[in-house]
Amino acid sequence: MSDAQFRRIAYGSVSPFALLQSRRNSAVSLSKISSPYHVEWWEYVMEYSKDINSLLSDPKSLTSPAIEDPKAVLQKAEEPICLKAAWDVMEIFYADKQSQSWLPERLVDWLAAYNGLLSSTQATIHSQLISFQKELVTLQVIEDSPKYWEVLSAALAVGWLDVVVKMLRLHGSYQLDQIGNRETENGLVEAVAVLISKMPRLRPELQAGTLGECHRAKPDFIKAWEKWRAHITKLDCSAYWVRCDHDQTRKGLRNMLQIMLGNTNSLCTATCHWMELYIAHFLYIRPFTVGLESMYSLARKCMQLKPMTISHRLIQLLLGIIGDNTEVVLAECSRAFGPWMVAHAIELLASGSDQAETLLREEHYNLGGISIEELHRLVYAQVLSSDALTWQIAPIYLTSCIKQGMGLLEILLSKQPVQDVQILLKVIEICRLYELDSVSSNIMKIAGVYHWKHGRKGSGVFWLQQARDEVRLNRIAQQLFDFVGQSISDESFKQWEGLIELLGSESKTAGGLEFLHKYRDFKKSLKQVNDGKTTDAAQQAVESLISLMKNPSTPQQFWLPILYDSLKLLSCQERPLLNVSETNLLLNKLQELSMAKLRPDFIEADLPPQALGSVRLALATNLGRAIVEE
Amino acid sequence: MAVIGTALPDPPRIHRIPQSKYVDAVRWLPQFSAFDRFVVLALFDSSSDSPSSIEIHSLDTQAVTLSSQSTWAPPSRVSSLKTSQLPGRKPLIAAGTVSGSLHLLLANSVDASLESEFSVSEEELHVGRVSCVDVMEGGGEFVSVGEDGRVNLVSVAGSELSFRRFFDSQGLVSYTSAKWASPAEFVTGGYGFSLQWWDQRKPGGVASQLKGNWAQRMSGIVQSIDIHPSRKHTCLAGGSLGTVFAWDLRWQQQPIILSGIGVGEDGTHPACESEVWEVQYDRHTKSTNTGNISSSRVLPAMICSEDGILAVVEQDAEPIELLAEPCAINSFDIDRENPSDVICSLEWESIVLLTRP
């Protein structure tokens with residue numbers, strides 16, 4: 001199976017799995033008292049099983065030709081795959097509670113569908129039929145070929161009645177020019193064909209085109225069965241056989257009658273594989289359901305009569321199922337069919353019997369305190385996580401694992417590359433769905449820092465804001481203002497405006513555009529004062545200082561740095577630049593600042609420790625001089 | 001609740017076409033023959049030698065299958081795909097990649113083979129991912145925006161592409177979507193639900209912009225923009241948290257929110273709750289409020305989202321849900337010539353074709 005096919009099956013099994021889990025959760029919460037497995041539970045499991053089964057069929061199914069080839073013995077069906085065969089057999093034994101009474105017939109159908117898979121080295125009836133079909137074209141007189149009779153008996157033994165009848169009708173005695181001479185022969189062939197088509201079957205219904213008479217109830221069936229056997233015996237003892245000229249026809253037909261009567265030797269000779277002999281037993285010797293134990297011993301007997309050289313994985317699985325050995329079944333699934341099969345089939349196994357359920361769902365100390373069910377789901381989730389295309393499905397499985405699922409989910413999400421913005425958004429969406437707020441905020445912080453470091457300052461700030469990372473945002477705001485304070489070119493300032501827009505709306509510390517403009521003007525004028533260019537530079541600087549400090553949009557964390565920067569202004573030698581009210585304003589601001597320092601969310605500015613003291617001293621001196629002046 | 005599409009009297013027909021590679025984007029190729037319809041797919045297959053590819057597939061309307069007609073391998077994964085027509089009905093495909101290059105492919109009108117290819121290489125155009133590419137009506141010029149904050153205008157000059165950098169914010173602002181409004185103006189969208197209106201006649205910066213802060217603590221990214229040819233002053237944007245809003249230049253401070261947070265109180269429900277990947281005006285849906293067709297009314301639009309919803313949203317009406325998938329719908333396109341047909345690409349490697357009656 002190709003990777004793309006596996007992925008398609010993986011994608012498709014997500015919905016049925018999630019549906020079943022949610023149904024289980026609601027069932028558990030509704031009925032805390034009684035067991036959650038009330039009458040309808042197996043219906044849910046059956047629905048789940050059918051949904052997954054529909055995924056396993058090959059999408060390219062062949063369309064049947066318009067004109068049926070009269071010589072086509074076998075109908076062309078879709079290529080069977082092993083995974084579907086395994087799922088089908090598990091569904092038959094574990095999930096399908098309705099058809100437990102006609103289990104043998106289900107097995108007949110199963111073998112009919114998958115006989116071709118059972119062995120690649122040994123012959124199977126399917127392979128015999130295929131090779132005979134090839135020869136059929138070249139044969140002149142069909143009934144002379146011994147292979148024809150062999151194939152007929154074989155197909156009859158496994159219950160492929162439609163194939164048998166079709167082949168019988170190819171007999172030479174049906175041809176119009178032959179009918180006159182071979183009347184008896186033809187009569188015998190037709191009699192056998194009619195008998196076959198009327199075989200009683202213990203099952204509710206048959207597919208269109210398949211033969212037999214269905215009986216639902218055992219008493220009806222037994223009656224019909226006895227009658228049918230009586231007819232066969234009557235035909236076997238009839239006088240017409242003597243008058244049949246064609247040797248092979250007589251021998252072949254009588255052999256077929258022996259098969260229908262349940263003659264063990266005939267059955268053994270007719271079948272190739274032990275599974276076919278097993279099915280033949282159910283059809284002709286003991287058509288009633290029996291317990292698993294006797295089914296198992298019958299299987300063993302058949303295996304002895306027809307030993308296999310190499311055992312196919314389907315056979316091993318079937319033996320495990322019939323042997324009622326859950327561990328073997330799990331081991332076979334895991335070894336032969338992979339983690340997907342185990343993770344999904346456990347639901348079927350658990351609904352099979354109470355013991356199986358306990359085994360699968362109880363917590364094992366040696367597994368780290370988790371159940372077998374959870375273990376296999378985690379393994380499957382790991383497989384999914386390793387592929388870039390399927391990692392997004394893994395959360396569904398991980399969240400159904402109560403013990404270790406969430407931890408592994410957090411690890412999975414944190415490992416995804418945040419450089420790619422699409423993946424980042426998908427990770428955040430998963431976090432939102434499963435309410436993993438801390439994981440989400442961590443990932444956003446990492447993304448924010450990544451973008452900031454790679455020159456994409458705008459997106460860096462955006463992600464840090466989404467993560468509500470106040471620490472780094474404040475540091476960025478600080479960096480920003482340092483930058484603006486230094487370089488004053490209009491060109492770069494315009495570019496920073498876009499960033500300030502983004503920062504300004506949410507971060508309480510950034511202050512916004514208005515503040516930035518005033519801050520820039522203040523810094524410009526301070527620079528002019530320092531350069532000693534114009535005489536009223538100092539006055540301008542004072543004005544912008546005051547308007548800055550008065551403005552409510554000035555963030556508190558910048559008060560001290562601004563005042564510290566303007567120390568030179570405040571300690572101007574010639575005359576005080578600030579009047580009394582202005583100095584009082586600044587002193588009040590200082591007071592507010594020292595009160596604010598006591599609050600827990602106060603951010604200390606990066607200044608020398610005596611900054612506050614020196615500013616206060618300068619202001620006090622200024623106040624004194626200003627009062628003197630007035 | 002949103003109106004479910006399948007409960008409508010005439011439900012749309014849904015056909016699923018599974019693929020074996022990841023579909024990054026899907027677009028209809030402008031129809032040039034009455035019989036064949038073509039679709040452009042941007043695919044990614046990590047297990048092959050040339051992982052990314054752009055393929056033209058023909059759509060068989062009877063069997064509803066796609067078969068590949070021609071393919072071209074870009075240097076890296078496609079991040080934005082648009083199609084248009086050159087004058088003379090020559091179909092044109094524009095693709096931007098994650099490494100920052102822009103490619104222009106011209107297809108043959110008869111057999112959908114790829115005739116020629118022009119590109120602008122990654123070092124010159126963008127540093128990093130090309131977030132969005134848009135083609136002007138008539139295919140003359142392209143705008144490409146990227147995460148690096150550059151806005152480039154690219155045009156075909158003879159047999160090569162020439163580009164000029166219209167604006168470079170040096171990484172201070174990142175743009176995530178772009179759309180032409182008129183031959184001289186275009187709109188871009190970015191972080192914080194912001195939209196920028198640019199005018200080529202006023203270079204050097206934005207002509208006007210919107211900073212979307214109507215929802216106090218929730219902010220998001222604009223993923224897609226669409227502008228209706230009859231309402232060129234309004235642009236429709238879709239982005240994070242299921243937000244779809246329209247910005248009318250005449251009333252710049254009052255964006256109209258069609259879906260998303262902050263709408264629920266009025267009675268209409270948001271169409272989806274997560275990232276809206278793509279938004280397109282829907283010409284097929286008749287507006288429910290036919291009485292009021294003033295130019296300030298926002299026409300119905302279709303959106304696709306990360307939580308698997310494909311829906312038609314309209315101002316002051318319940319959204320109509322056309323698809324609700326278990327996986328994300330990453331992109332969709334409405335056929336220009338047959339607006340009843342919509343093709344979408346799903347996260348789980350498949351394409352869905354939706355035909356509305």
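The dialogue below discusses the contact between two chains, the salt bridges and two sheets of a predicted model.

Colleague: How are residues and chains labelled, and which residues count in this predicted model?

Modeller: Residues are numbered from 1 along each chain as its sequence is written, chains are lettered from A and ligands numbered from 1 in the order in which they are written, and side-chain values use heavy atoms, with hydrogens and water left out. The model is predicted, and local features need pLDDT of at least 70, side-chain atom pairs count only at pLDDT 80 or more, while totals for chains, interfaces and linings use all residues.

Colleague: How many residues of chain A are in contact with chain B?

Modeller: Contact means heavy atoms within 4.5 Å. Here 34 residues of chain A are in contact with 35 residues of chain B. Buried area is the accessible area (1.4 Å probe) that two parts lose on being put together, summed over both. For chain A and chain B this is about 3100 Å², with 54% of it on carbon and sulfur atoms.

Colleague: How many salt bridges are there between chain A and chain B?

Modeller: Side chains of opposite charge can pair when their charged atoms come close. A salt bridge is a side-chain nitrogen of Lys or Arg within 4 Å of a carboxyl oxygen of Asp or Glu. There are 6 salt bridges between chain A and chain B. One of them joins A:Lys426 to B:Glu306, at 3.0 Å from N to O.

Colleague: Which element gives the largest share of the side of chain A that touches chain B?

Modeller: Helices (H or I, at least four residues) and strands (E, at least two) are DSSP runs, numbered from the N terminus. Helix 26 of chain A gives the largest share, 8 residues.

Colleague: Which parts does the salt bridge between A:Glu135 and A:Lys147 tie together?

Modeller: Over all chains, the structure holds 44 salt bridges. In the pair of A:Glu135 and A:Lys147, the closest N and O atoms are 3.7 Å apart. A:Glu135 lies in helix 5 (residues 125-136) of chain A and A:Lys147 in helix 6 (residues 146-157) of chain A, so the pair ties together parts that are 12 residues apart in sequence.

Colleague: What is the strand order in the open sheet of 4 strands in chain B?

Modeller: Two strands pair if DSSP finds at least two bridges between them. The order is 19-20-21-22, with antiparallel pairing. Strand 19 (222-226) and strand 22 (256-259) of chain B each have a single partner strand, so one side of each is left without a neighbour in the sheet. Between strand 20 (residues 234-239) and strand 21 (residues 244-248) of chain B there are 5 bridges, and B:Leu236 stands opposite B:Ala246.

Colleague: Which strands are at the edges of the open sheet of 5 strands?

Modeller: That sheet of chain B has the order 1-26-25-24-23, with mixed pairing. Its edge strands are strand 1 (3-4) and strand 23 (276-281) of chain B. Strand 23 runs antiparallel to strand 24 (residues 301-305) of chain B, where B:Ile303 is the bridge partner of B:Val279.
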